[in-house]
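Please read the following report alongside the sequence and the coordinates. It looks at how parts of one chain are brought together.

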Amino acid sequence: MRKIIGEKVLAVAFVGLISTVGVGMVLAEDTKISELENREMASFPLVEKDDDLLSGEYFGKFETYYNDQVYKREEWLQLYSSFKKEFMKEKEVNGVFLGEDGYLLQAVDKIENLKDEHQQINKFIEYGDSKGLDVYYTMAPTKVMSNKDKLPAFAEDFSQKNMNNFLEGLSPKAEQINLRKTIEKKNQEEQLYFYTDHHWKQKAAFYGYEQVIKELSEKHPEVGEPKKLSDFNVKTYKEPEFYGSAARLSNKAYAEKADQIEIMEPKEGYDGYDVCIKGECGKPFYDLSKQEDKEMYADRYNVYMGGNASQIVVKNEKADNDLKVLVLKDSYANPMIPLLSAHFKEVHVVDLRLNGGNMYDYLDKQDLDMVLFVHNVSSAIQTPNLYTFEGRSK
């Protein structure tokens with residue numbers, strides 16, 4: 001008797017759940033942007049021509065729409081992740097591992113064939129060398145590299161092997177600046193990476209900057225010595241807390257700790273600097289308006305330089321030299337740019353993921369002294385657009 005009653009209760013609950021979801025989808029407005037998934041959601045498909053119905057194309061679009069617009073979709077995804085973590089005790093979801101001390105870590109697969117990447121970058125390096133430019137390639141360790149001891153025992157990461165493979169294939173005409181040992185050592189002493197985001201923090205960028213300037217000054221003493229940590233005011237914004245890219249992938253259920261943004265501003269201020277982003281000058285190094293976004297998954301890393309931009313030029317009228325440097329970078333360089341800018345008359349920053357221009361022409365037209373790559377190992381081997389030096393068709 002109890003079994004029958006239990007089955008009836010379960011059936012009623014199931015029907016009620018389906019009804020609630022169905023009614024909710026009818027009454028609720030469609031979601032345009034998913035904060036959790038950081039993408040535009042499908043809108044209700046219209047029948048454009050009769051063939052769409054006959055071919056089944058329309059029903060495919062409708063299925064996508066239905067899946068995207070399920071009532072309380074994000075809450076269901078969060079609930080599912082909570083179930084996997086708390087009841088199934090799974091330490092991995094969507095390629096994100098729940099590591100020790102609350103770190104969300106993304107392991108990297110082994111990549112051996114980098115022939116195309118090496119061909120493109122070495123051609124550019126050698127062209128820069130032929131024009132009398134000193135070329136430096138800076139490789140930053142990723143979060144999982146510096147925190148590999150925090151990965152679950154079953155997780156396997158090939159970041160180190162990928163880094164070795166990439167650097168071994170670079171032209172000897174580029175001076176290599178490998179930040180791995182510096183950052184990993186410092187990371188044992190203090191937290192240099194966000195818990196829930198894949199980026200490094202401002203302090204990590206500072207330690208990287210120190211090594212870069214020391215190595216540049218060996219050949220270019222006019223670059224000067226790196227600033228000391230005591231030369232800066234370090235400020236941590238405890239509010240609002242945020243959950244970064246790894247938390248977005250795994251859902252907040254796996255995020256045990258939230259993150260805060262920190263910035264470093266020179267005690268002497270920024271008098272004499274002009275920051276031009278995509279041709280618009282007078283911009284700040286730190287765009288604190290990004291802190292005003294109250295969304296849980298807001299990309300607060302965009303505080304640094306206002307986020308990724310196709311081109312930035314920083315002019316420093318108080319520089320002790322007339323040096324001009326081109327920085328070809330990914331997002332790891334963003335918190336480093338304000339620090340580097342103290343050592344050059346001009347810093348030209350290009351992100352080739354966003355900039356489709358021809359970098360050979362750029363070298364020809366600009367009176368540059370050196371080229372500085374700043375990449376992290378993951379983007380270096382997984383982002384082909386970083387090496388589109390000849391430009392991309394628009």
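The report begins with the chain as a whole and then turns to salt bridges, a pair of helices and one residue in a helix.

The model is predicted, and the secondary structure of its single chain comes to 13 helices and 15 strands. Of the 394 residues in the chain, 48% are buried. Among the contacts with a separation of 6 or more, 73% are made by residues that lie 24 or more positions apart.

**Salt bridges**

The count of salt bridges comes to 17, and three of these pairs are set out below.

| Pair | N to O distance | Residues apart in sequence |
|---|---|---|
| Lys-173 and Asp-129 | 3.9 Å | 44 residues |
| Asp-364 and Lys-131 | 3.2 Å | 233 residues |
| Asp-351 and Lys-329 | 3.3 Å | 22 residues |

The side chains of Lys-173 and Asp-129 meet in a salt bridge with an N to O distance of 3.9 Å. This pair links distant parts of the chain, since Lys-173 is in the loop between helix 7 (159-168) and strand 7 (174-178), whereas Asp-129 is in helix 5 (residues 115-130). Lys-173 has a relative accessibility of 44% and therefore counts as partly exposed, and Asp-129, with a relative accessible area of 33%, is partly exposed as well.

A salt bridge also joins the side chains of Asp-364 and Lys-131, with 3.2 Å from N to O. Here Asp-364 belongs to helix 12 (residues 359-365), while Lys-131 is found in the loop between helix 5 and strand 6 (134-140), so that distant parts of the chain are again linked. Asp-364 is partly exposed because its relative accessibility is 41%, and Lys-131 is partly exposed because its relative accessible area is 39%.

In the salt bridge of Asp-351 with Lys-329, the closest N and O atoms are 3.3 Å apart. Asp-351 lies in the loop between strand 14 (346-350) and helix 12, and Lys-329 lies in strand 13 (residues 324-329). Are these partners buried or exposed? Asp-351 counts as buried because its relative accessibility is 0%, and Lys-329 counts as buried because its relative accessibility is 1%, where the cut-off for a buried residue is under 20%.

Besides these pairs, Asp-101, Asp-149 and Lys-150 are linked in a network of salt bridges.

**Helix 8 and helix 9**

Two packed helices are described by the angle between their axes and the distance between the axes. The axes of helix 8 (residues 180-187) and helix 9 (residues 202-219) come within 10 Å and cross at roughly 140 degrees, and helix 8 and helix 9 are therefore oblique to each other. The crossing in which helix 8 passes helix 9 is right-handed. On the side of helix 8 the contact is made by Thr-182, Ile-183 and Lys-186, and on the side of helix 9 by Ala-204, Tyr-207, Gly-208 and Gln-211. The residues of this contact divide into three nonpolar, three polar and one charged.

**Ile-213**

Ile-213 also has its place in helix 9, and it counts as buried because its relative accessibility is 0%. Leaving aside residues up to four places away in sequence, Ile-213 touches Val-223, Gly-224, Glu-225, Pro-226, Leu-340 and His-343. Ile-213 and Lys-227, which are 14 residues apart in sequence, have their C-alpha atoms 9.3 Å apart in space.

Terms used:
Residues numbered from 1 in each chain as written. Predicted model: local features only at pLDDT ≥ 70, side-chain atom pairs only at ≥ 80, totals over all residues. Heavy atoms only, no water. Salt bridge = Lys/Arg side-chain N within 4 Å of Asp/Glu carboxyl O. Helix = DSSP H or I, 4+ residues; strand = E, 2+ residues; numbered from the N terminus. Buried < 20%, exposed > 50% of the residue type's maximum accessible area, 1.4 Å probe, protein only. Axes fitted to C-alpha atoms, helices over the stretch in contact; angles between N-to-C directions. Parallel < 35°, antiparallel > 145°, perpendicular 65-115°, else oblique. Left-handed = near helix turned anticlockwise from the far one by under 90°. Contact = heavy atoms within 4.5 Å. Nonpolar A, V, L, I, M, F, W, Y, C, P; charged D, E, K, R; others polar.
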